[in-house]
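I opened this entry to keep track of what I looked up in one model. The notes follow the order in which I checked things.

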Amino acid sequence: MVGSTARAGARSLVVAGGGIPGLALALALKQAHGAALTVTICDPGLKAGNARQRGRAYAVAAGGRHLFERLGIWERIAGARQPITDMVVSDSRLADPIRPVFLTFSQEGAAHDAGAKGAGEPAPFAHMVEAEPLVEALIAAAGAAGIVLEPTGIRRAEPERGAIRAILDDGRVLRASLVVAADGARSRLREAARIGWVGWRYPQSGIVATIAHERDHGGRAYEHFLPGGPFAMLPLAPGGALGHRASIVWTEREADVPALLGGGEAEVLAEVERRFTPNLGRIALEAGPSAHPLAFGIARSFRAERLALLGDAAHVIHPLAGQGLNLALTSAAALAEAVTEALRLGMDPGGPEVLRAYERARRFDTLAMAAATDGLNRLFSNDVLPVRLARDFGLGLVDRMPGLKRFFIDEAAGLRGPQPRLMRGEAL
Ligand SMILES: Cc1cc2nc3c(=O)[nH]c(=O)nc-3n(C[C@H](O)[C@H](O)[C@H](O)COP(=O)(O)OP(=O)(O)OC[C@H]3O[C@@H](n4cnc5c(N)ncnc54)[C@H](O)[C@@H]3O)c2cc1C
């Protein structure tokens with residue numbers, strides 16, 4: 001069957017991929033332009049709705065919070081977000097009896113976050129947000145705003161005169177001014193557009209789980225650098241079987257994962273306790289564990305004719321700094337801004353100027369973050385003594401220099417450098 005949601009050349013946007021960045025971009029543009037812009041999201045995963053994100057949680061930096069506030073999503077997920085008020089970083093071997101603390105971050109570092117609601121008050125530099133309620137709120141808001149939700153994949157996109165055709169898995173064709181490929185790391189649209197990819201697999205897996213515990217975590221996050229990779233314990237909003245919960249993001253050598261996770265719940269919890277330091281009383285598994293292969297990758301370009309890459313389709317980075325989604329949200333805000341400027345000037349929203357502006361705004365920042373996370377993983381995921389001494393000296397130095405520490409906090413919070421309007425809490 002061949003159909004069409006828009007006449008060739010009409011103002012319309014098709015987003016392939018209803019993950020968090022794809023949904024956020026679609027919603028930002030639909031809210032800003034209403035009936036002047038037709039927006040369709042195609043994703044076979046929409047059949048499962050928000051359930052596909054069950055058990056996942058993300059550290060959302062200050063910029064992402066401003067974006068979700070603007071979209072009216074933040075208040076809808078009040079029970080599913082937890083401020084990270086401070087963070088403790090250590091570097092040790094697994095068998096060490098204590099994990100010496102080399103670096104601490106606290107919320108006063110982001111006190112000058114001018115974009116925050118209630119600006120002037122100390123603002124946490126990040127929140128842990130549960131993905132399932134976040135996606136549920138985004139899908140509900142998308143439906144209410146008049147976005148067309150198509151639970152079908154897109155096979156490829158073909159530019160034609162003045163428009164682009166998105167060919168759906170069921171054979172239908174949607175015509176649009178611009179197609180956004182937000183279809184994940186193995187993006188079919190990126191491949192069909194023959195955009196190159198530079199990347200490699202890490203010999204590591206990221207294990208994700210939710211832990212229930214008896215005592216309050218007080219909003220404190222922990223990141224222990226261990227020879228197999230970083231082990232992070234990130235505070236979640238209260239709830240669960242024991243009253244309190246934390247999200248675990250635990251990197252291990254891929255070859256060790258079957259042995260670590262192959263036993264029952266008691267064995268997995270014993271491994272967690274060997275790495276976990278806070279005394280949170282009794283702990284239990286609430287969700288997971290699930291293991292994800294880890295990779296690095298970046299597209300050679302973020303655009304083709306009438307096609308923009310967004311999120312993991314454009315870049316995949318190591319999760320040790322929790323920045324993959326944050327980068328994608330900044331890109332969604334930058335693309336929404338470029339499209340909006342074109343629409344306000346009566347220009348083509350899928351034209352080359354829009355796509356060039358988007359790439360200019362995002363490429364350097366993305367490359368810098370990708371290189372930094374790759375470098376940190378190589379520096380910390382080993383047990384070579386001189387390397388350990390040098391990195392611990394470096395961590396100790398940062399801890400004693402408030403200016404430098406603030407620099408790192410603001411960088412991670414997305415408060416440094418020119419940011420798109422939505423990430424600063426301003427309207428498009
Ligand atoms: C262990 C781990 C922990 C992480 N923790 C954090 C964190 O704390 N903070 C952070 O910022 N980032 C984190 N990340 C990174 C983050 O998960 C990703 O960057 C983010 O989820 C990317 O979203 P995405 O929508 O681009 O891709 P995905 O989430 O992969 O979504 C892609 C969507 O596209 C759909 N799709 C696929 N093919 C097609 C097609 N042909 N047509 C239409 N739709 C299609 C899929 O169904 C899916 O819904 C972590 C990553 C890992 C592995």
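Which residues in α2 are buried? I found Ala 62, Gly 63, Gly 64, Arg 65, His 66, Leu 67, Phe 68 and Arg 70 buried in α2. The model is predicted, and I read the entries below with that in mind.

**Helix α2**

I then set the burial against the length of the helix. Helix α2 covers residues 62-70, and 8 of its 9 residues are buried, so the helix is largely enclosed by the rest of the structure. For burial I used the cut-off of 20 or more other C-beta atoms within 10 Å of a residue's own. I also looked at what comes after the helix. Gly 72 follows α2 and has a positive phi, near 75°.

**Ligand shell**

Next I listed what surrounds the ligand. There are 32 residues around the ligand, and those that come nearest are Gly 19, Gly 206, Gly 311, Gly 324 and Leu 325. I noted that two or more residues of the shell come from each of α1 (20-33), β3 (57-61), β13 (197-213) and α7 (324-344). The element that gives the most is α7, with 4 residues. Sorted by class, the shell holds 14 nonpolar, 14 polar and 4 charged residues.

**Six-stranded sheet**

I traced the strand order of this sheet from one edge to the other. The sheet is open, has 6 strands in the order β8-β2-β1-β12-β19-β18, and its pairing is mixed. At the edges I found β8 (148-150) and β18 (303-304), each of which pairs on one side only. I followed the β18 edge inward. Strand β19 (residues 307-309) runs antiparallel to β18 and is joined to it by 2 bridges. I located Ala 304 opposite Leu 307 in β19.

**Three-stranded sheet**

I did the lookup again for another sheet. This open sheet has 3 strands in the order β9-β10-β11, with antiparallel pairing. Why is one side of β9 and of β11 left without a neighbour in the sheet? Both β9 (154-160) and β11 (173-176) stand at the edges with a single partner strand each, so one side of each has no neighbour in the sheet. I recorded an average twist of 20° from one strand to the next.

I closed with the pairing of β9. Strand β9 pairs with β10 (residues 163-168) over 6 bridges in the antiparallel sense. For Ile 154, I noted Leu 168 in β10 as the bridge partner.

Conventions:
Residues are numbered from 1 along each chain as its sequence is written. This is a predicted model: local features need pLDDT of at least 70, side-chain atom pairs count only at pLDDT 80 or more; totals for chains, interfaces and linings use all residues. A residue is near a molecule or strand if its C-beta atom, placed from the backbone, lies within 6 Å of it. Ala, Val, Leu, Ile, Met, Phe, Trp, Tyr, Cys and Pro count as nonpolar, Asp, Glu, Lys and Arg as charged, and the others, Gly among them, as polar. Two strands pair if DSSP finds at least two bridges between them. Axes are lines fitted to C-alpha atoms, for helices over the stretch in contact, and angles run from 0 to 180 degrees between N-to-C directions. A residue is buried if 20 or more other C-beta atoms lie within 10 Å of its own, exposed if 12 or fewer, and partly exposed in between; C-beta atoms are placed from the backbone.
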